[in-house]
Amino acid sequence: MDVIRTFIENNQFRSEDLPAFEAKLFFDRSNKRAKLERYVILLFLSTVIATIGVIGDSTAIVIGAMIIAPLMRPIMATAAGLVMGDMKRAGSSFMIVLLSVAGVIGTAWLLTQ
């Protein structure tokens, strides 16, 4: 039990950790454009890979696409915004999720035409 207690006490989320947490999770601070560009490129590449995997009936390729897909970041940002009570950030992160899903569906549709 002492090992668990020590682990929990040494890994607490402190108020001085908040700026680094926000900078890594949300798209609204410094380098917003660069973060969004990386996100869109990774999302596009994972969509292409997943589409090829579905067309080729290859589960391994689809799983590989899921590994590089960056969708977890805006999903976690939405949850963090809700928990922190920051509805503006939660809403903008959720909008990124919705636009991403629509973009992925549109890209996959275009690739299969």
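Visitor: Why is Glu 22 called buried?

Guide: This is a predicted model, and in it Glu 22 has a relative accessible area of 14%. Buried means under 20%, so Glu 22, at 14%, counts as buried. You'll find Glu 22 in helix α2.

Visitor: What does Glu 22 touch, if we skip residues up to four places away in sequence?

Guide: Arg 29, Met 84 and Arg 89.

Visitor: What makes the pairing of Glu 22 with Arg 89 a salt bridge?

Guide: The closest N and O atoms are 2.9 Å apart. A salt bridge needs a side-chain nitrogen of Lys or Arg within 4 Å of a carboxyl oxygen of Asp or Glu, so 2.9 Å between Arg 89 and Glu 22 qualifies. The pair links distant parts of the chain, with Glu 22 in helix α2 and Arg 89 in helix α6, 67 residues apart.

Visitor: How do you know that Arg 89 is buried?

Guide: Its relative accessible area is 5%. The limit for buried is under 20%, so Arg 89 is on the buried side of it. That makes both Glu 22 and Arg 89 buried.

Visitor: Which salt bridge does Arg 89 form with the closest N and O atoms 3.7 Å apart, and why does that count?

Guide: That one is with Asp 86. The cut-off is 4 Å, so a gap of 3.7 Å still makes a salt bridge. Salt bridges with shared partners join Glu 22, Asp 28, Asp 86 and Arg 89 into one network.

Visitor: What makes Asp 86 partly exposed?

Guide: Asp 86 has a relative accessible area of 26%. Partly exposed runs between the 20% limit for buried and the 50% limit for exposed, so 26% puts Asp 86 in that middle class.

Visitor: How many salt bridges does a search of the whole structure find?

Guide: Six. One of them joins the side chains of Glu 16 and Arg 14, at 2.9 Å from N to O.

Visitor: Why is Glu 16 called exposed?

Guide: Exposed means over 50%, and Glu 16 has a relative accessible area of 54%, so the label fits. Its partner Arg 14 has 41%, which means Arg 14 is partly exposed.

Visitor: Where does Val 104 lie, and why is it called partly exposed?

Guide: Val 104 is in helix α6. Its relative accessibility is 25%, and because that value is between 20% and 50%, Val 104 counts as partly exposed. Leaving aside neighbours within four places in sequence, Val 104 is in contact with Leu 43 and Thr 47.

Visitor: Which buried residues does helix α3 have?

Guide: They are Lys 35, Tyr 39, Leu 43, Ser 46, Thr 47, Thr 51 and Gly 53. These buried residues pack against α2, α4, α5 and α6.

Visitor: How do you know that the span of α3 is close to the expected one?

Guide: From its first C-alpha to its last, α3 reaches 34 Å. With 24 residues at 1.5 Å a residue, 34 Å is expected, so the two values agree closely. After α3 comes Asp 57, with a positive phi near 55°.

Visitor: What confidence does the predictor give the protein?

Guide: The average pLDDT is 92, and 99% of the residues score at least 70. Confidence is lowest in helix α1, at a mean of 84, and highest in helix α6, at 96.

How values were computed: Residues numbered from 1 in each chain as written. Predicted model: local features only at pLDDT ≥ 70, side-chain atom pairs only at ≥ 80, totals over all residues. Heavy atoms only, no water. pLDDT = per-residue confidence, 0-100. Helix = DSSP H or I, 4+ residues; strand = E, 2+ residues; numbered from the N terminus. Buried < 20%, exposed > 50% of the residue type's maximum accessible area, 1.4 Å probe, protein only. Contact = heavy atoms within 4.5 Å.
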